[in-house]
Amino acid sequence: MPRLKLPTRLKLPIGIQTFREIREDGCYYVDKTGLALKLIEEGKAYFLSRPRRFGKSLLIDTLAELFAGNEPLFRGLYAHERWDWSRRAPVIRLSFGGGVLRTPEELTGKIGEQLRLNQAALGVVCTEPGLDGCFAELIRLAHARHGERVVVLVDEYDKPILDNLTRPEMAREMRDGLRNLYSVIKDSDAHIRFAFLTGVSKFSKVSLFSGLNNLRDITVSADYSALCGYTER
């Protein structure tokens with residue numbers, strides 16, 4: 001792990017969504033790790049809605065690095081002296097932010113690709129044929145292999161639906177496919193330490209997340225209003 005740079009002139013991390021890159025390349029960083037610890041201490045499963053370009057992906061990446069125990073990246077930040085770096089959790093990350101998915105087949109392919117990438121990263125191999133079954137198996141196997149409950153991070157949960165809003169029938173098919181996937185998170189609760197989902201649209205507990213009604217929505221929570229982005233101060 002290279003030492004963090006101490007440049008004579010800090011850079012603005014414009015367009016950078018990777019916590020490691022910001023920290024290693026000497027960019028300005030507004031410390032959100034105190035709020036991250038508050039999230040972890042106060043609950044288990046969260047949902048956050050923000051417009052695009054508001055820092056959701058960077059927040060997801062920061063949480064991933066924290067749970068993975070990448071201590072050098074957090075030196076000088078609030079969490080560094082308050083986090084148990086000896087305890088590393090397996091992290092499963094799903095993101096639908098890249099590209100446009102126009103058909104259920106493309107969605108299936110995208111989910112399958114991400115499940116395979118997570119299997120490779122965590123050193124497990126799933127045998128369940130269906131996507132939801134594979135996702136559940138991935139969570140169980142990761143818990144068993146690493147001896148720690150799993151962290152599940154989902155970025156842009158709703159983009160495949162929003163990309164098809166002009167085609168309502170296709171949007172509904174995308175919603176149904178995603179609902180089956182997300183319902184696994186609640187069903188796998190015993191194997192999950194922490195779950196965090198982000199998106200642009202407000203979720204509805206009676207549609208997409210009908211099978212995942214244990215999420216705490218912090219979208220308009222005053223305690224977490226500064227979780228993404230930065231204030232004037």
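Trainee: What makes up the contacts in the chain with a separation of 6 or more?

Mentor: Residues 24 or more positions apart account for 70% of those contacts, where a contact means heavy atoms within 4.5 Å. This is a predicted model, in which local features need pLDDT of at least 70 and side-chain atom pairs count only at pLDDT 80 or more, while totals for chains, interfaces and linings use all residues. Residues are numbered from 1 along each chain as its sequence is written, and side-chain values use heavy atoms, with hydrogens and water left out.

Trainee: How many helices and strands does the chain have?

Mentor: There are seven helices and five strands, taken as DSSP runs numbered from the N terminus, with H or I over at least four residues for a helix and E over at least two for a strand.

Trainee: Why is the chain called as compact as a globular protein of that length?

Mentor: The globule rule, 2.2 Å times the number of residues to the power 0.38, gives 17 Å for 233 residues, and the radius of gyration of the chain, 18 Å, is close to that, so the description holds. That radius is taken over C-alpha atoms.

Trainee: How do you know what span to expect of helix α7?

Mentor: The expected span is 1.5 Å times one less than the number of residues; for the 20 residues of α7 (168-187) this is 28 Å, and the helix reaches 29 Å from its first C-alpha to its last, close to that value.

Trainee: Which residues of α7 are buried?

Mentor: Among them are M170, A171, M174 and L178, buried meaning under 20% relative accessible area with a 1.4 Å probe and protein chains only. Their cover includes β2 (91-95) and α4 (104-122).

Methods: Buried means under 20% relative accessible area, exposed over 50%, partly exposed in between (1.4 Å probe, protein chains only).
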